[in-house]
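What follows is a guided reading of a structure, taken from its cysteines to its ligand site. Please look over the sequence and the model before reading on.

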Amino acid sequence: MQLKRHLYLIGFMGVGKTSTSKQLSKKLGLKEVDTDKMIVEKEGKAISDIFADSGEEYFRGVETGILDLLAEEAPCIVSCGGGMAMREENVRKMKRTGLIVFLVAEPETIYEHVKDSTDRPLLHGNMNVPYIAELMAKREPKYQEAADIIIKTDGYAPFQIADQIIEMVEKI
Ligand code: S3P
């Protein structure tokens, strides 16, 4: 399959965007980028430090700026930070330049993936299933609205999720 536009992976923290993106990159022979990594490189500090030093709004501004940089790039696989689809402006930018794939998982699955993480400031002091379920429920409508493709990841390995995505993209 020859991708003509970016493939944006969106969804909650720990849903498997990064690992799936690496598999897609291998299978499609395309570069993969991670918006969080780009932000860390650009700002020269960890995500938690950006939140602590400059606040979430500042982080969100940098995040939006990353989409403008990507708009100039050849098609690639973009693993987005979990909050990327919360801004309508970001969704518009992603829709203009690519397809949006929403990865979904149960809060319990998410918890298992993020429980040892120390660089997810939104979960500092909130590392538990009820909080994750509550924040996910709040975000769900925006993820749904943004999505061109929706994939459930519970119980699947990243290579299987990547195969499912490729199959669905081929049908579009
Ligand atoms: C965030 C998710 C994180 C990172 C930041 C905020 C969010 O990315 O962008 O901590 O608002 O959901 P991951 O989804 O890669 O953990």
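Cys80 is buried, at a relative accessible area of 3%, and Cys76 also counts as buried, at 2%, where buried means under 20% relative accessible area with a 1.4 Å probe and protein chains only. This is a predicted model, in which local features need pLDDT of at least 70 and side-chain atom pairs count only at pLDDT 80 or more, while totals for chains, interfaces and linings use all residues. Residues are numbered from 1 along each chain as its sequence is written, and side-chain values use heavy atoms, with hydrogens and water left out.

Why does Cys80 form no bond with the closest cysteine sulfur? The sulfur of Cys76 is 9.9 Å from that of Cys80, which is too far for a bond, given that a disulfide is a pair of cysteine sulfur atoms within 2.5 Å. Over the whole structure, the search finds zero disulfides.

Turning to the ligand, 13 residues surround it, each with a heavy atom within 4 Å, and Lys17, Asp36, Arg60, Arg120 and Arg139 are the closest. By class, this shell holds five nonpolar, three polar and five charged residues; Asp, Glu, Lys and Arg count as charged, Ala, Val, Leu, Ile, Met, Phe, Trp, Tyr, Cys and Pro as nonpolar, and the others, Gly among them, as polar.

Oxygen atoms of the ligand lie 2.5 Å from a polar side-chain atom of Lys17 and 2.7 Å from one of Asp36, whereas for Gly82 a polar backbone atom is 2.9 Å from a ligand oxygen. The protein covers 95% of the 390 Å² of accessible area that the ligand has on its own, an area computed by the Shrake-Rupley method with a 1.4 Å probe.

Key
Polar contact = N/O pair within 3.5 Å; in protein donor to acceptor, adjacent residues only side chain to side chain. Buried < 20%, exposed > 50% of the residue type's maximum accessible area, 1.4 Å probe, protein only.
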